[in-house]
Amino acid sequence: MTPKAIRELLQRFTLFKDLTEEEMIPIVELAKHRLFFQGTHLFMHGDPLTSVYFIQKGKIKIYRTDIHGKEQIINVLGPGEMFPHQGFFRKDNYPAHAEVMEDSNLIYIPINLFENFLINHPEICVKLFKVLGDKIVDLQNRLEEKMLHNTYEQVILLLLRLAKNNGKEHDEKLTKITLQLTNRELANMIGSSRETVSRTLTQLKKKNLVSSNDSGYLLIDMEALQDELI
């Protein structure tokens, strides 16, 4: 991949979109890229932080396991997303496991090199902090969903979030969620059970708020789902 291609790709990410071409030059020089195959673990919970990853193509599952070995999915990330969000600014360990769900092209930047770069470019550091602040707000909103809403409402909020972050217009009314997730994976994302999510999806389909196409992708009526929460 050429330096120009890496720069153009990185600038699609919110983190770097406000940087000029000149500001991007030293960042591109730090970046590496590689194809990772399905089933690969990029890192495990507790491993020392070494790199921050940017998804060009593919799907990455971020998850943790409890003392009983039960999987809790924190997020499923697709093209145009980065992880982990706190990686550039903390001397810490990776907060969860990261597994490649389908063959993925990733760009990754070694943290120690990037932090040395930021020390010498504080104006860029300020721009990056603004972006990370938006990520923190998103995590706070998700915590509030868990605390203030019942399971039925949490499933609706999850579908709306997936449609917002990984949705594609299907027609003037419906949005297709471009990630194919099992009911188990959806349940793990909100700390619920597969049976509860399956039951809730059945209810939503009966109300014509959610449907599936022939390929198994979920189609949702975002406006109607929003109204369901009122």
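This passage describes the overall make-up of a predicted protein model and then one of its sheets.

The protein has 230 residues, of which 44% count as buried. Its secondary structure consists of eight helices and 10 strands. The exposed area of the protein is about 12,700 Å², and 49% of that area is supplied by carbon and sulfur atoms. When contacts between residues at least 6 apart in sequence are considered, 69% of them join residues at least 24 apart.

Four strands form an open sheet in the order β7-β8-β10-β9, and their pairing is antiparallel. The edges of this sheet are occupied by β7 (167–169) and β9 (210–212), each of which pairs on one side only. From one strand to the next, the twist averages 30°. In general, the strands of a sheet pair through backbone hydrogen bonds, in either a parallel or an antiparallel sense.

The pairing at the β9 edge can be described further. Strand β9 is joined to strand β10 (residues 218–220) over three bridges, in the antiparallel sense. Within this pair, S212 has L218 of β10 as its bridge partner.

A helix accompanies the sheet. Helix α5, which spans residues 151–166, lies across β7, β8 (175–177), β9 and β10. Relative to β8, helix α5 runs at about 95°. The strands crossed by α5 are thus β7, β8, β9 and β10, the four that make up the open sheet.

Key:
Residues numbered from 1 in each chain as written. Predicted model: local features only at pLDDT ≥ 70, side-chain atom pairs only at ≥ 80, totals over all residues. Heavy atoms only, no water. Helix = DSSP H or I, 4+ residues; strand = E, 2+ residues; numbered from the N terminus. Buried < 20%, exposed > 50% of the residue type's maximum accessible area, 1.4 Å probe, protein only. Contact = heavy atoms within 4.5 Å. Areas by Shrake-Rupley, 256 points an atom, 1.4 Å probe, with all protein chains shown as cover. Pairing = 2+ DSSP bridges. Axes fitted to C-alpha atoms, helices over the stretch in contact; angles between N-to-C directions.
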